Amino acid sequence: MSADRAQTVLDFVVGMSVFLVAVGFTFAFVPSLLEPYAVGEGATVIVAERGAARLAESSLAAAGSTATLSHACTLAFFDGTDPATAAAESGCDWTANGDDLHAELGVDDFRGLNLTVTRNGTVRTLDPGGANVTMRAGPAPPRDRSVAAASRIVAIDVDPEDDVGRETHRLTLRVW
């Protein structure tokens, strides 16, 4: 070995080790620095909870009652009736029907929304004179993504002309 050699193998190993540790540290902690600005799992849970509450407590609710859905407003919502027509005929308080859940709930279009009203695990229908209207809106949730869901127990007078009474249903809003 000559005495005028500037770099040894040991210097190179120490330098590369410090460099690799610095790169690893950067890749490990930079994503956590950007986390407050990223849309995460918690945001979908909040959107689902607020959306389900809005639908059950104000948009589809009967006048003077929360958690009891108006038969006429619920039917018009899932039937695709124009909001102005539904407001004039039945006093409904929603601004967009089930065809545009994003507008009704004020949610950006990049999120997926699915609303179902079920009883005993099956999606229910309302019968407006012979034509069943399924109480489902929005596309089916994807199987490969995380989906947040919020549910409310609601009562619906399934047949307002018959004196059967109200039935208990589950209103579920899924967000992904």
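Asn120 counts as exposed because its relative accessibility is 76%, where exposed means over 50% relative accessible area, buried under 20% and partly exposed in between (1.4 Å probe, protein chains only). The residue is placed in the loop between strand S2 (113-119) and strand S3 (122-123), with helices (H or I, at least four residues) and strands (E, at least two) taken as DSSP runs numbered from the N terminus. The phi of Asn120 is near 55°, a positive value in a residue other than glycine. In general, most residues other than glycine have a negative phi. A positive phi, near 85°, is also found at Gly80, which follows H3.

The model is a predicted one, in which local features require pLDDT of at least 70 and side-chain atom pairs count only at pLDDT 80 or more, whereas totals for chains, interfaces and linings use all residues. Residues are numbered from 1 along each chain as its sequence is written, and side-chain values use heavy atoms, with hydrogens and water left out.

The protein chain contains 5 helices and 8 strands, arranged along the sequence in the pattern α-α-β-α-α-α-β-β-β-β-β-β-β. Of the 176 residues in the protein chain, 31% are buried. Among contacts (heavy atoms within 4.5 Å) with a separation of 6 or more, 54% are made by residues 24 or more positions apart. The accessible surface, obtained by the Shrake-Rupley method with a 1.4 Å probe and with only the protein chains shown counting as cover for residues, comes to about 10900 Å², of which 54% belongs to carbon and sulfur atoms.

The largest nonpolar core, a set of buried Ala, Val, Leu, Ile, Met, Phe, Trp, Tyr and Cys residues joined through side-chain atoms within 4.5 Å, has 31 residues, of which Leu55, Leu60, Phe77, Phe78, Trp94, Leu115 and Leu171 touch the most other members. At least two residues of this core are supplied by each of H2, H3, H5, S2, strand S7 (148-157) and strand S8 (166-175), and the largest share, 5 residues, comes from H3. Helix H3 is mostly covered, with 7 of its 9 residues buried, namely His71, Cys73, Thr74, Leu75, Ala76, Phe77 and Phe78. When neighbours within four places in sequence are left aside, Phe77 is in contact with Leu55, Leu60, Trp94, Ala96, Asn97, Gly98, Leu101, Glu104 and Leu115.

A count of 1 disulfide was obtained, with a disulfide taken as a pair of cysteine sulfur atoms within 2.5 Å. The sulfur atoms of Cys73 and Cys92 lie 2.2 Å apart in this disulfide, and the link is left-handed, with -105° about the S-S bond. The pair joins distant parts of the chain, 19 residues apart, with Cys73 in helix H3 (residues 71-79) and Cys92 in the loop between helix H4 (83-90) and helix H5 (101-105). Cys73 is buried because its relative accessible area is 3%, and Cys92 is buried because its value is 7%.

Thr44, found in helix H2 (residues 41-59), counts as buried because its relative accessibility is 9%. Residues up to four places away in sequence not being counted, Thr44 touches Arg111, Ala148 and Val175.

By contrast, Phe12, in helix H1 (residues 9-34), is partly exposed, with a relative accessible area of 48%.
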